[in-house]
Amino acid sequence: MLGMPDVKHFDEAEALATVEQLFWRRGSAATGIQDVVAATGLSRSSLYNAFGGKDDLYAAAARRYLEHRSRPMFDQLAADGRGMAAVAAFFDRLLRLRLSGEYAGWGCMMSNANAENPPDAVRAVLAEHHAVLRDSLAAALKVAQSNEELRSGVEVEGAAEMLTLLAYAVNLRSRSGATRAQLRSAITAALAALAS
């Protein structure tokens, strides 16, 4: 019929979830548009019309990861209210996610992307991810400080940055075969260095 709008015959959210897992598992450099076509079952033209080029698709997948996987975990940490126990629980959950279950050995899509040379649109998502994680850790550390759980002289913002970098390291090392004991050792040492 004339004048009828073009109707997409696929679920963009479902396609993006598939693409997110593809980029998460393989990274951007190892993922070509043909891989995306094969994984989603969509044509190149459908993908380009819905999402733009590969960099745009990667950015959309990274945004989805941040909003659906990372932000809920970070928000829970920031709102926890238990201080150091909240930080320890965050790292316990991180170890479980990275070392067991469906996505074991995949690392974190954001950490993995930091190890590549991502396009600017993805860099913006990475910067936001970093800031939200750091701010969530800082919120928990401020509670710890008010509860007198931090040793004297600990600067909350610097400690939050250190723990953010530790989380990225856990994500990367879990992907490359580090054991739970190795990762737990580093986490225990970092938290002990902060505790009163």
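Student: Against which elements do the buried residues of H2 pack?
Tutor: The model is predicted: local features need pLDDT of at least 70, side-chain atom pairs count only at pLDDT 80 or more, and totals for chains, interfaces and linings use all residues. Residues are numbered from 1 along each chain as its sequence is written, while side-chain values use heavy atoms, without hydrogens and water. Helix H2 spans residues 33–40, a helix being a DSSP run of H or I with at least four residues. Its buried residues (under 20% relative accessible area, 1.4 Å probe, protein chains only) make their packing contacts (heavy atoms within 4.5 Å) with H1, helix H3 (44–51) and H4.

Student: How wide an arc do the buried residues of H2 cover around the axis?
Tutor: Ile33, Val36, Val37 and Thr40 are the residues concerned. An α-helix has 3.6 residues a turn, so residues three or four places apart point the same way. In H2 the four buried residues lie on the same side because their arc, taken from the directions from the helix axis to the C-beta atoms, is only 100°.

Student: Which residue with a positive phi follows H2?
Tutor: The phi in question is near 75°. It belongs to the residue that comes after H2, namely Gly41.

Student: How much of the span 32–51 is helix?
Tutor: An unreviewed UniProt entry annotates residues 32–51 as "DNA-binding region", and such annotations may be inferred rather than shown by experiment. The end C-alpha atoms of these residues lie 15 Å apart. Strand (DSSP runs of E, at least two residues) makes up 0% of the span, and helix makes up 80%.

Student: How many residues apart are Trp24 and Tyr65?
Tutor: This is one of seven aromatic pairs found in the whole structure, where rings of Phe, Tyr and Trp (its six-membered ring) pair if their centres lie within 6.5 Å. Its ring centres are 5.0 Å apart with planes at 75°, so the pair is edge-to-face, the term for planes over 60 degrees apart. Trp24 belongs to helix H1 (residues 12–26) and Tyr65 to helix H4 (residues 54–79), and the separation of the two in the chain is 41 residues.

Student: Are Trp24 and Tyr65 buried or exposed?
Tutor: The relative accessible area of Trp24 is 2%. Tyr65 also has a value of 2%. Trp24 and Tyr65 therefore count as buried.

Student: How far apart in sequence are the parts that Trp24 and Trp106 tie together?
Tutor: The rings of Trp24 and Trp106 form an edge-to-face pair, because their centres are 5.0 Å apart and their planes stand at 85°. Trp24 lies in helix H1, whereas Trp106 lies in the loop between helix H5 (84–99) and helix H6 (109–114). The pair thus ties together parts with a sequence separation of 82 residues.

Student: Over the ring of which residue does the charged end of Arg69 sit?
Tutor: Ring pairs link Trp24, Tyr65, Tyr103 and Trp106 into a cluster. The charged end of Arg69 is 4.9 Å from the centre of one ring; the criterion is that NZ of Lys or CZ of Arg be within 6 Å of the ring centre and within 35 degrees of the ring normal. That ring belongs to Tyr103.

Student: Is Ser174 buried or exposed?
Tutor: Ser174 is part of helix H8 (residues 156–175). Beyond four places away in sequence, Ser174 touches Arg98, Leu99, Gly105, Gly107 and Leu183. A polar atom of its side chain lies 2.8 Å from the backbone oxygen of Asn171. Because its relative accessibility is 6%, Ser174 counts as buried.

Definitions and conventions
Buried means under 20% relative accessible area, exposed over 50%, partly exposed in between (1.4 Å probe, protein chains only). A polar contact is a pair of N or O atoms within 3.5 Å; within protein, one must be able to donate a hydrogen and the other to accept it, and residues adjacent in sequence count only if both atoms are side-chain atoms. Rings of Phe, Tyr and Trp (its six-membered ring) pair if their centres lie within 6.5 Å; planes under 30 degrees apart count as stacked, over 60 as edge-to-face and the rest as tilted.
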